[in-house]
Amino acid sequence: MPRTKDILEIKGLSAEIEGVQVLRKVDFALAEGATVALIGRNGAGKTSLLRAIMGFMKVTAGAIAFDGRPLRDVKPHERPRLGIGYAPEDRRLFSTFTIEENIRLPAEVMKLGVPEIARRLDGIYAVLPELADLRHRPAAGLSGGQGKMAALARALMIGNRVILLDEPFQGLAPVLANRYAAALRTLRDSHPEIALLITESNPSLLRNFAERAYAIERGEVTEVEGGLAASSLAAAGMH
Amino acid sequence: MILLAALDGLAYGSLIFLVAVGLSLIFGVLGVLNVAHGSFYAIGAYVAASAVLAAAGMGLPTWLAFPLFLVSAVLVGVVVGGTVEALLLRRIYGKEEVLQLLVTFAVFMILEDAQKVVFGTQPLFANAPMNWLGTVEVFGIFYTSYQLILIPLVALVVLLGLRWFLRRTRFGRAIVAVTQDREAAMAMGIDATRIYLFTFIIGASLAALGGALSSATTSLTPGIGSGMIVLSFAVAATAGLGRIEGAAVAALMIGLGRSAAVYFAPEFDVLIPYLIMVAVLLIKPEGLFTTVQTRKV
Amino acid sequence: MSGFILEARDLELRFGGVQAANGASLQVRANERIAIIGPNGAGKTTFINLCTGYIKPQSGTVIFAGQDITALSPRAITRLGIGRSFQIPQLFLENTVIENLLLALSAREGSWSPFLKLTRHPKIDEMWALLEIVGLKDTGHRIVRELPEGMRKLIDIALALALEPKLIFMDEPTSGVSSHEKFQVMDTLTRALDARSTTAIFVEHDMDVVARYANRVAVWSGGRIALEGSPEEILSHPDVRESVIGEVV
Amino acid sequence: MSRQYLIGAGLLIALVAFPLLSPWSTVILTVALCEGLAALGILVLLRAGQVSFGHGLYFAFSAYVVAFMAAAHLGHEVLLLVPIATAASGLVAALVGLFIVRYRAIFFGMLNLAISMVFFSLLEKLFSITGGADGKRVPRPTLLGMTLERESFEFWMFYITLALAVVAALFVARYLASSGGKALEAIKSNETRLEYLGVSSRKVLYGAYLLSGLLAGLGGAIIALVSGHVTPELAYWVRSGEFVFIAILGGVGGVAGPFLGALMFQIIRGYAAVYAPETWHAVLGIMLLVIIFFAPSGLYGLIAGRRRASGEAAR
Amino acid sequence: QEKPKELVVGIATFLSGPASVFGVPGKAAADLFFEEINAKGGILGVPVKPVYVDEGAGTNQLISEYRRVVQDQGAQIMLGAISSGSCNALAPVAEDLKVVNVMWDCGTQTIFEEGKWKYSVRTQGHAGAEMMATLLYLMKVKPDFKTVAVVNQDYAWGRESWALLQAGLKALKPDVKIVAELFPKFGAPDFSTEITRLSALRPDVVISTSWGGDLDTFVQQAAARGLLKQSTFVLPLAESSMERLGAVMPEGVIVGSRGDHYFLHPKYKNTAEMQAFVKAYKAKTGAYPIYPTFHMNQAVTGLVKAYEKAAAAAGGKWPSKEQVIAAFEGLEFKSLTGTITIRSDHQGLEDQMLGTTRRVPEYPFAVYDKIALYPGKLVTTPLGEKSLDWFAKVKPELVKDKSIETFDYVK
Ligand SMILES: Nc1ncnc2c1ncn2[C@@H]1O[C@H](COP(=O)(O)OP(=O)(O)OP(=O)(O)O)[C@@H](O)[C@H]1O
Ligand SMILES: Nc1ncnc2c1ncn2[C@@H]1O[C@H](COP(=O)(O)OP(=O)(O)OP(=O)(O)O)[C@@H](O)[C@H]1O
Ligand SMILES: [Mg+2]
Ligand SMILES: [Mg+2]
């Protein structure tokens, strides 16, 4: 694969939660336009890595660079402005807003123009047609899977450089998971510059989708040679 | 008779609303039950009264008092409220909620004494603005236009303004988002720190505005704040968590209830706010206006 | 007696414009292991919520062991012998894992003496054994708050099991559990269920799990059962393949 | 756990010795213990995540029961008055609790406040019965049948209170570590799950509420006896707020916390009253801020150290 | 007894809360008086050290502070307090501690009518005398009123003073109709509803024994709505609000000062002591002295005189506490205004003064006119009687008693 410029570069990153170290000297890079899977079992530190990128972790050592610029001095709330979209594992929708209001919110906060917001919304509904039907429903009552989709859509709204998805397939019915994966593929094809970082504890869902895979174990990240092919995963001690 | 009582209740309820809605807003967004809120009310009143007296001393026209009220309210909100949030509260978000409450309790105690030191213990009042607006006659009884018209009007403007602000403006929506999930809001690009500061300042300014408006009708003595704070608590709890419309209804109920009591059962006068609160919560355990609960399971 | 341990009849529930249960019915025999599958938003969780008293249906009845439990509180239903785990784990985050389980044990045994320290419960070993079943023996002394989502899901199940229910509902027991542990956990779990002859109803999106561990499958759609049958039948049914699994036949 | 006992024992030794060294302090120490008892009640509720701004109600109720009984020469004996008044407060808590355990968070806090303020207002309103804002005098009753002079009465009351406080603290410590106590904590962390374990969170909270009412009542009964005067102010919300203040100041990590907090509170207030009689509120406020920012787990946490976190990691 | 190095005097006064409108001036005055005494070498050559205790902290706290000041700081004399509630609570404590307790400002008549306190003494009159003088004055200047309304603060003072007035009214004017009895909450910020009711009822006389911020607010709101023109207002504590109310206070309002205290006292305003005091006080606080400062003066002066008398009786030696308290009985001394006599029940006899407001160019606030000065002995409940009973049998002749002096305002 031709190596392009790294949009996200993590060097020697260590982080802790309440005195417990959860990331240990992570070295990791995400190239522009790449789709990378981060595989690890429960508690390996996947969520923590994404949260560290978003600025919600206490970093004890190392650095994260975005587009060559150190993120250390970028406040958490300014990071989305760089074009980073994030769909947290536990959805985290704003319950008094409707689905559409949820999706629009980050774009509004960034003061994108009305036509631009509409354009992006259309694009999102095109890849996630299920959401279009739900758009005026309050987010409070969504089912688990519906919420996951809304969270994805919200990340797509502003993630025009990097999109971070934390276990996006968890709790999705297979039919939807497949469609969701297809949507991501479409997105990748139509926006080749966007880099995707997807965490999964269930690598089979990402097979023939991500081109590179990293394994995370007890807070340490290593690249899986050969990507997500079953054999290489097995070699790395995963299913 | 009942109508006359209602007129008095309206003015009183409006004033309570102004203060309580600020408390409600702060509680809704920051999740902090701000015990120092009454102090903001008191300081707003003292600052406004001093400003009005100073202006009168300089021979400035009386109408200037009204812009002065606004200015002193915002000033108190920004200086006192802003300091409390930025210097104290900000350091303990995310810790136990009781701690935040206690910080405001401590601030309350400090501000109570600060008021005494700065403004003295002698009652202070500046009634020129009230007299300037004159009186209106209703059924042969004189009311001050200030209490009968101006205060309710300000309350109404605040109510509608806040609603519009929270629902229709970008900033208002950001506030609502932060209320529900601070971290997720930050991941959406919202500067939660700024929102907290801003909300706290708005809330404090509203309390100070209530105080400023009351400075023309009442005489300011040490301890006026603590009387107001309990009333605001009652309103906030009766209203439902952080609900603005609820605060309006509850404040009005308390205002009218009190007036009715003076006419029909003077003995219950002081009990009214609490009785209303208990009664409302008995019937609607989540307060007058419930908020949407996120599905948990 | 109908011979069913649980029988839900024509449950109806609307949320505003959304029909979350639309004549949902299900009959369950003792010792069955029923998997509920279906697209997102089909009303699976709602069905569990209705059966366990979290929400009340607008009409319809739920009968458990011959008793109408439709109007009962979650507490009363739990005491009758129905346990459940949640799609989003519901745990005591500030306590250790073993304390979580001991609380469940105390609830079961009614052992509330204010003089007996919780961690000195005479039956504590039973809870350690339970942790072993879900593969979390090592985490017993850790505070739940510090544990990742996947582990919490398993603890959530263990809590329900600690009550020794006659019937257990599990909402997506393995979602979020890494594929690494998934089957291992399900193996021990189903063995334990069999050993206690506990009837189980679980919502599942992973068809491999359904195929391996269910002995009956109910396909949910639009707030009711669309299809029912053995795993082989259902998983090869063209409608299911199309609308649940998402393969074009 | 052993640390908890160590701190408790240290505090106890200091308390036993102090009045012998400085006799004028007995009343102040007794008052501190009474407030500590009420704060202990608050601590119990805090474990369930509930803050009461109305425990002045129970404090004042039993104080007035003592005042009325002593004035009427009904059971003019400490060993009768204290248990009866405490039980009376318990009874009120049992009644109020029936309704209040349905509420949580701000509603819980504010309803408690409302009810205590209703009581406060009644005490002021019904002045022909209660003496209004001026309150009632409490004539000094006999102790074990003996009529004592002021000094020896105060001396013995202190040691009796100390003994009661120790018993109460030990009981609460036991209770909190028991399954019931953990169920109480569960109300704070996840009530849904508690219900799905088949446990009634209302019942659990009811028990704790009763206990907290009894503790506050015990404190109130004794304070009426040692200060010889009761006023409605005992039921005022600021007083209830002080109990919460004391509980947090002392730290809710262990049952010695509230007593540490109450002692500290009295000491600060005493000094502030001497050196800054006009601004003692502010001095207290500043002290509180210092504690919150530099020792968020209270005095107890300060002494016990941050053992929990590191101890957990070591395992 | 040996002379101590210093005489610690504990003073309970309101330093916080609404009643600090009295407490803080009281303290300011006490500071002035003690400075003056110490400048002259103290009491019997012993310097005095005042220690203040905040009454605003609540009764229970006050009691423990009071004890601490006596037991820890060694105070031999306590001046306590302002509120009747505090006095009621402190009297038994003083007995317990065996400390001389001078009640310097509290008014309830019940203290010495219902209790016997060895160690407590009151250097001023009581509510009975104050209300009796008020009634007599009202009867004198407006004998033909038919309806009365009352607006008092809802606490012991408001209730008790009204009970006395009511009993007296019944005796003096049995046909009078009481049309409204309003007791707004203490510290209420708003009296609109009360004023609306009064506007509708139009009583001839409106009585209010309120004080401080409550009185200011009430007068202010009533004035704005024309109520002060409609009815005759009787405000027995208005002297303490007069300067603040300034132009708000109209002419024709009946005012009093819980005694004969007034910096423009017709008999004493030109004495050297008064002029010096008014000047010093104004320099210190920026305001004219109000009645609590005079009450403080009475307490301090009484204390000095009692020590001197006791020392004389003890042959020049430093007197014991018991000797001091004994010296108080029958003591007669001159204060900044009238002369105070301490009765055998430890109750002080103090003259009472009432007047009607008038506006004059010399001051930016209303002053007393049509002043009547009632001798303490005339209006104080006789020894051994209870005030309420005495009020119920008061005779109209008393209104015109010859011992009453009258004055008009003179510049
Ligand atoms: N509040 C906390 N306190 C202490 N440790 C924590 C806390 N939260 C998480 N951890 C620890 O951090 C580690 C990484 O957790 P993280 O949530 O990143 O894992 P994950 O890979 O996302 O797991 P999952 O697949 O279950 O979501 C875990 O071992 C967990 O125990
Ligand atoms: N409290 C509620 N308020 C409004 N709508 C609700 C509420 N609860 C559920 N719904 C709606 O009811 C439908 C069924 O929801 P339910 O959670 O039962 O689905 P599910 O089958 O469990 O889906 P998933 O597999 O995604 O968890 C959904 O459309 C959902 O949006
Ligand atoms: Mg994770
Ligand atoms: Mg579901």
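Residues from which chains surround ligand 2? The legends below take that up in the first view, and every view comes from a predicted model.

**View 1. Ligand 2 sits at a site shared between chains.** The answer to the opening question is chains A, B and C, so no one chain makes this site by itself. Around ligand 2 there are 21 residues, and the closest are Arg137(A), Ser143(A), Gly145(A), Thr45(C) and Thr46(C). If you'd like to find the site by its helices and strands, look for α5 of chain A, plus β2 (18-28) and α1 (44-51) of chain C: each of them supplies at least two residues of the shell.

**View 2. Here are some polar atoms beside ligand 2, from chain A and chain C.** On the chain A side, a polar backbone atom of Gly141(A) is 3.0 Å from a nitrogen atom of the ligand. On the chain C side, Gly43(C) also brings in a polar backbone atom, this time 2.9 Å from a ligand oxygen. His205(C) uses its side chain instead, with a polar atom 3.1 Å from an oxygen atom of ligand 2. How much of the accessible area that ligand 2 has on its own does the protein cover? The figure is 89% of 630 Å².

**View 3. A magnesium ion (ligand 3) is held between two protein donors.** The donors are Thr47(A), through OG1, and Glu89(A), through OE, and they lie 1.8 to 2.5 Å from the ion. These two residues come from distant parts of the chain, 42 residues apart: Thr47(A) is in helix α1 (residues 46-54) of chain A, while Glu89(A) is in the loop between β6 (84-87) and α2 (99-109). Thr47(A) is partly exposed, at 23% relative accessibility. Glu89(A), at 11%, is buried.

**View 4. Arg135(A) and Glu100(A) pair up in a salt bridge.** Their closest N and O atoms are 2.8 Å apart. Arg135(A) is in the loop between α4 (129-134) and α5 (144-158) of chain A and Glu100(A) is in helix α2, so the bridge ties together parts that are 35 residues apart in sequence. The arginine, Arg135(A), is partly exposed at 27% relative accessible area, whereas Glu100(A) is buried at 11%.

**View 5. Two salt bridges in chain C both have a partner in helix α6.** One of them joins Arg33(C) and Asp194(C), with 2.9 Å between the closest N and O atoms. That pair links distant parts of the chain, 161 residues apart: Arg33(C) is in strand β3 (residues 33-37) and Asp194(C) is in helix α6 (residues 179-195). Arg33(C) is buried, at 13% relative accessible area, but Asp194(C) is partly exposed at 47%. The other bridge brings together Asp206(C) and Lys182(C), at 2.8 Å from N to O. Asp206(C) is in the loop between β8 (199-203) and α7 (207-213) and Lys182(C) is in helix α6, so this bridge ties together parts 24 residues apart. Is each partner buried or exposed? Asp206(C) is buried at 17%, and Lys182(C) is buried too, at 3%.

**View 6. A network of salt bridges takes in residues of chains A and B.** Bridges that share partners join Glu100(A), Glu101(A), Arg104(A), Glu108(A), Arg135(A) and Arg173(B). Over all chains, a search of the whole structure finds 63 salt bridges.

**View 7. Three spots in the backbone are worth a look.** As background, most residues other than glycine have a negative phi, and most peptide bonds are trans. Gly80(E) and Ala81(E) are joined by a cis peptide bond, with omega about 5°. Ala81(E) is in the loop between β3 (77-79) and α3 (84-97) of chain E. Glu167(A) isn't a glycine, yet its phi is positive, at about 45°. You'll find Glu167(A) in the loop between β7 (162-166) and α6 (174-190) of chain A, and it is buried at 2% relative accessibility. Ala65(C) has a positive phi as well, near 45°. This alanine, Ala65(C), is in the loop between β4 (59-64) and β5 (67-68) of chain C, and it is partly exposed at 44%.

**View 8. Some chains touch and others don't.** Which chains share the most contacts? Of the 7 pairs in contact, it is chains B and D. Chains A and E have no contact, and their closest C-alpha atoms lie 38 Å apart. Chains C and E have none either, with 35 Å between their closest C-alpha atoms.

Key. Residues numbered from 1 in each chain as written. Chains lettered and ligands numbered in written order. Predicted model: local features only at pLDDT ≥ 70, side-chain atom pairs only at ≥ 80, totals over all residues. Heavy atoms only, no water. Donors = N, O, S within 2.8 Å, 3.2 Å for Na, K, Ca; no water. Helix = DSSP H or I, 4+ residues; strand = E, 2+ residues; numbered from the N terminus. Buried < 20%, exposed > 50% of the residue type's maximum accessible area, 1.4 Å probe, protein only. Contact = heavy atoms within 4.5 Å. Salt bridge = Lys/Arg side-chain N within 4 Å of Asp/Glu carboxyl O. Near = heavy atom within 4 Å. Polar contact = N/O pair within 3.5 Å; in protein donor to acceptor, adjacent residues only side chain to side chain. Areas by Shrake-Rupley, 256 points an atom, 1.4 Å probe, with all protein chains shown as cover.
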